[in-house]
Amino acid sequence: QVQLVESGGGLVQAGGSLRLSCAASGRTFSSDTMGWFRQAPGKEREFVAAITWSASTYYADSVKGRFTISRDNAKNTVYLQMNSLKPEDTAVYYCAVQRGGRGNYDYWGQGTQVTVSA
């Protein structure tokens, strides 16, 4: 059974930093793309960042230069370092797995709340 458990969310002032972690279990993820998504109140879920098995990274324009995604395959963990946070970054952040780096994201975590105060 695949499980994704996010942690590291919280309340931070604008300009601050947080580091999210997503611990994965239940399969070998080294060939998968790992991604972060977020959903703000009243809005659709949106893509934030992704990292492939070969460590290629992709970012939404809104977070480029501020967020960094990384992964540790030995620990089955993906991270999202978030710097220079803005109030508009407030959302529930979810990690997800795209099996083999293709198609839909098949597995999702339960999410972690990030709140950025002005």
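Where is the place of Asn76? In this predicted model, Asn76 belongs to the loop between strand 7 (67-72) and strand 8 (77-82). The legends below begin with the whole chain and then turn to individual sites.

**Figure 1. Overall fold of the predicted model, with 0 helices and 11 strands.** From the N terminus on, the elements follow the order β-β-β-β-β-β-β-β-β-β-β. The radius of gyration is 13 Å, close to the 13 Å given by the globule rule for 118 residues, so the protein is as compact as a globular protein of that length. The C-alpha trace spans about 40 × 25 × 25 Å along its principal axes. Of the 118 residues, 42% are buried. Among contacts with a separation of 6 or more, 54% are accounted for by residues 24 or more positions apart. The exposed area of the protein is about 6,200 Å², of which carbon and sulfur atoms supply 45%.

**Figure 2. Close-up of the largest cavity and its lining residues.** The structure holds 1 cavity of 30 Å³ or more, and the volume of the largest cavity is about 30 Å³. Its lining is formed by Phe29, Met34, Arg71, Asp72, Asn73, Asn76 and Thr77. By residue class, this lining divides into 2 nonpolar, 3 polar and 2 charged residues.

**Figure 3. Close-up of Asn76 in the loop between strand 7 and strand 8.** The backbone of Asn76 has a positive phi of about 50°, although Asn76 is not a glycine. Its relative accessible area is 22%, and Asn76 is therefore partly exposed, given that the partly exposed class lies between the buried limit of under 20% and the exposed limit of over 50%. Asn76 is also one of the residues lining the largest cavity.

**Figure 4. Close-up of Ser84 in the loop between strand 8 and strand 9 (91-98).** Ser84 is a residue other than glycine with a positive phi, here near 50°. With a relative accessible area of 41%, Ser84 is partly exposed. Ser84 is in contact with Asp89, a residue whose place is also in the loop between strand 8 and strand 9.

**Figure 5. Close-up of Asp89, a buried residue of the loop between strand 8 and strand 9.** The relative accessible area of Asp89 is 1%, and the residue is therefore classed as buried, a term that applies under 20%. Leaving aside neighbours within four places in sequence, the contacts of Asp89 are Arg38, Arg66, Phe67, Ser84, Val114 and Val116. Asp89 and Val63 lie 26 residues apart along the chain, and their C-alpha atoms are separated by 8.7 Å.

**Figure 6. Close-up of Ser117 in strand 11 (residues 112-117).** Ser117 has a relative accessibility of 26% and so counts as partly exposed. Residues up to four places away in sequence not being counted, Ser117 touches Leu11, Val12, Gln13, Ala14 and Pro87. Ser117 and Lys86 are 31 residues apart in sequence, with a C-alpha to C-alpha distance of 7.8 Å.

Technical notes. Residues are numbered from 1 along each chain as its sequence is written. This is a predicted model: local features need pLDDT of at least 70, side-chain atom pairs count only at pLDDT 80 or more; totals for chains, interfaces and linings use all residues. Side-chain values use heavy atoms; hydrogens and water are left out. On a 1 Å grid over the protein atoms alone, a cavity is a set of points where a 1.4 Å probe fits but cannot get out, and a pocket is an open set with protein on both sides within 12 Å along at least five of seven lines; lining residues have an atom within 4 Å of a point. Grid points are joined across faces, edges and corners, and a volume is the space filled by probe spheres set on the points. Ala, Val, Leu, Ile, Met, Phe, Trp, Tyr, Cys and Pro count as nonpolar, Asp, Glu, Lys and Arg as charged, and the others, Gly among them, as polar. Helices (H or I, at least four residues) and strands (E, at least two) are DSSP runs, numbered from the N terminus. The radius of gyration is taken over C-alpha atoms; the globule rule is 2.2 Å times the number of residues to the power 0.38. Buried means under 20% relative accessible area, exposed over 50%, partly exposed in between (1.4 Å probe, protein chains only). Contact means heavy atoms within 4.5 Å. Accessible areas come from the Shrake-Rupley method with a 1.4 Å probe; for residues, only the protein chains shown count as cover.
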